[in-house]
Amino acid sequence: MATVELRFSALPEHVRTARLVAAAVARRAGVDEAVLDEVRLAVGEACTRAVGLHQAAEVPAPVRVALVEEEKQFSIEVGDEAPRSAPGERAPGAGPGSGEDLEAEGEDEMGLAVISGLVDDVEVTAGENGGSIRMTWPTTS
């Protein structure tokens, strides 16, 4: 099992680099050429989401990306350290239905919907210490 790890400051300009690295490693791992655009787009969405969560929560830690080549599959996990509240709870100072709260929630759901449309095998986890999106594609090698 070969693994490439990437960490970058939560800045939008680093998302493009993560996309390029993901596509290069996916190609080397044997992901079908026809799927590489989907890999790029899905990683871009996941990294953009993580950057937004870090910036909104003012988390100084870097965004983590792990690219893992296993037998017959290739996985990418994008992790963040932005805390999430339990379902139904609001962030401190956010009143019920506050515009910022609803807007952020809508953007988050839209990003996850795009990723789910691009990748058949997606696992999303979130908790008080952050979250991750794990995406998996089959390989031909």
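Reader: Which residue takes a positive phi in the hairpin of S2 and S3?

Author: Good place to start, and keep in mind that this is a predicted model. The hairpin of S2 and S3 has 2 residues between the strands. The one that takes a positive phi, near 70 degrees, is Lys 72.

Reader: How many bridges pair S2 with S3, and in which sense?

Author: Let's look at the two strands themselves. Strand S2 covers residues 63–70, and strand S3 covers residues 73–80. One pair to find in the picture is Ala 66 with its bridge partner in S3, Glu 77. S2 and S3 pair over 7 bridges, and the sense is antiparallel.

Reader: Which residue in S5 is the bridge partner of Phe 74?

Author: Now turn to the pairing of S3 with strand S5, residues 130–138. These strands pair in the antiparallel sense over 8 bridges. In S5, the bridge partner of Phe 74 is Trp 137.

Reader: What is the order of the strands in the open sheet?

Author: Try building it up from pairs. S1 and S2 run antiparallel, joined by 7 bridges, with Thr 3 opposite Val 68 in S2. S2 pairs with S3, and S3 pairs with S5. With 5 strands in antiparallel pairing, the order is S1-S2-S3-S5-S4.

Reader: Which are the edge strands?

Author: An edge strand here is one that pairs on one side only. From one strand to the next, the sheet has a twist that averages 10 degrees. The edge strands are S4, residues 121–127, and S1.

Reader: Why is S3 largely enclosed by the rest of the structure?

Author: Think about what lies around the strand. Helix H2 lies across S1, S2, S3 and S5, running at about 15 degrees to S3. Ile 76 is in contact with residues including Val 39, Val 43, Leu 67 and Ile 133. S3 is largely enclosed because, of its 8 residues, the number buried is 6.

Reader: Which element gives the most residues to the largest nonpolar core?

Author: Nonpolar side chains tend to be buried together in soluble globular proteins. The largest nonpolar core here has 30 residues, and Phe 74, Ile 76, Val 78, Met 135 and Trp 137 touch the most other members. Several elements each supply at least two residues of this core, among them S1, H1, S2 and H3. The element that gives the most, with 8 residues, is H2.

Terms used: Residues are numbered from 1 along each chain as its sequence is written. This is a predicted model: local features need pLDDT of at least 70, side-chain atom pairs count only at pLDDT 80 or more; totals for chains, interfaces and linings use all residues. Side-chain values use heavy atoms; hydrogens and water are left out. Buried means under 20% relative accessible area, exposed over 50%, partly exposed in between (1.4 Å probe, protein chains only). Helices (H or I, at least four residues) and strands (E, at least two) are DSSP runs, numbered from the N terminus. Two strands pair if DSSP finds at least two bridges between them. A nonpolar core is a set of buried Ala, Val, Leu, Ile, Met, Phe, Trp, Tyr and Cys residues joined through side-chain atoms within 4.5 Å. Contact means heavy atoms within 4.5 Å. Axes are lines fitted to C-alpha atoms, for helices over the stretch in contact, and angles run from 0 to 180 degrees between N-to-C directions. Lists of a residue's contacts leave out its neighbours within four places in sequence.
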